[in-house]
Amino acid sequence: MEFLDYVRRLEAADAQLAAELAGLRTLEQVMAWDRFRKVNLTTVDLITQDEYCHDFLIPLPGETRWLSFAMT
């Protein structure tokens, strides 16, 4: 699945969050969105899958949900 496929699936559960995420394409944009959402960057996690792929995990403030962004 591609990123926008995941965003479309998220729309059913949280249309506002899906709309916020739909335009993000780079780590720089995700980090700007983090600041907008007031995410405490000490709570994010970066997991290395291999030398080219990483998962960037972001907890949603005040919630039990996390977002996962796969990066290459």
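## Helix faces and a helix pair

The buried residues of H2 (buried: under 20% relative accessible area, 1.4 Å probe, protein chains only) are covered by elements including H1, helix H3 (27-36) and strand E3 (66-71). This is a predicted model, where local features need pLDDT of at least 70, side-chain atom pairs count only at pLDDT 80 or more, and totals for chains, interfaces and linings use all residues. Residues are numbered from 1 along each chain as its sequence is written, and side-chain values use heavy atoms, with hydrogens and water left out.

**Exercise 1.** Work out how H1 and H2 run relative to each other, and what joins them.

*Solution.* Start with the axes: those of H1 (residues 3-13) and H2 (residues 15-22) come within 7 Å and cross at roughly 160°. That makes the two helices roughly antiparallel (over 145 degrees). Next, the contact (heavy atoms within 4.5 Å): H1 brings Phe3, Leu4, Val7, Leu10, Glu11 and Ala13, while H2 brings Ala15, Leu17, Ala18, Leu21 and Ala22. Sort these and you get 10 nonpolar, no polar and 1 charged.

**Exercise 2.** Find which residues of H2 are buried, and where they sit around the axis.

*Solution.* Pick out Leu17, Ala18, Glu20 and Leu21, which are buried. Now look down the axis of H2: they fall within an arc of 160°, so they line one face. Gln16 and Ala19, on the other side, are exposed (over 50%).

**Exercise 3.** Do the same for H3.

*Solution.* Here Val30, Trp33 and Asp34 are buried. Their arc is 105°, so they too line one face of the helix. Flip to the other side of H3 for exposed Glu28, Arg35 and Phe36. Covering the buried set are elements including H2, strand E2 (54-59) and E3.

Definitions and conventions: Axes fitted to C-alpha atoms, helices over the stretch in contact; angles between N-to-C directions. Helix = DSSP H or I, 4+ residues; strand = E, 2+ residues; numbered from the N terminus. Parallel < 35°, antiparallel > 145°, perpendicular 65-115°, else oblique. Nonpolar A, V, L, I, M, F, W, Y, C, P; charged D, E, K, R; others polar. Arc of directions from axis to C-beta.
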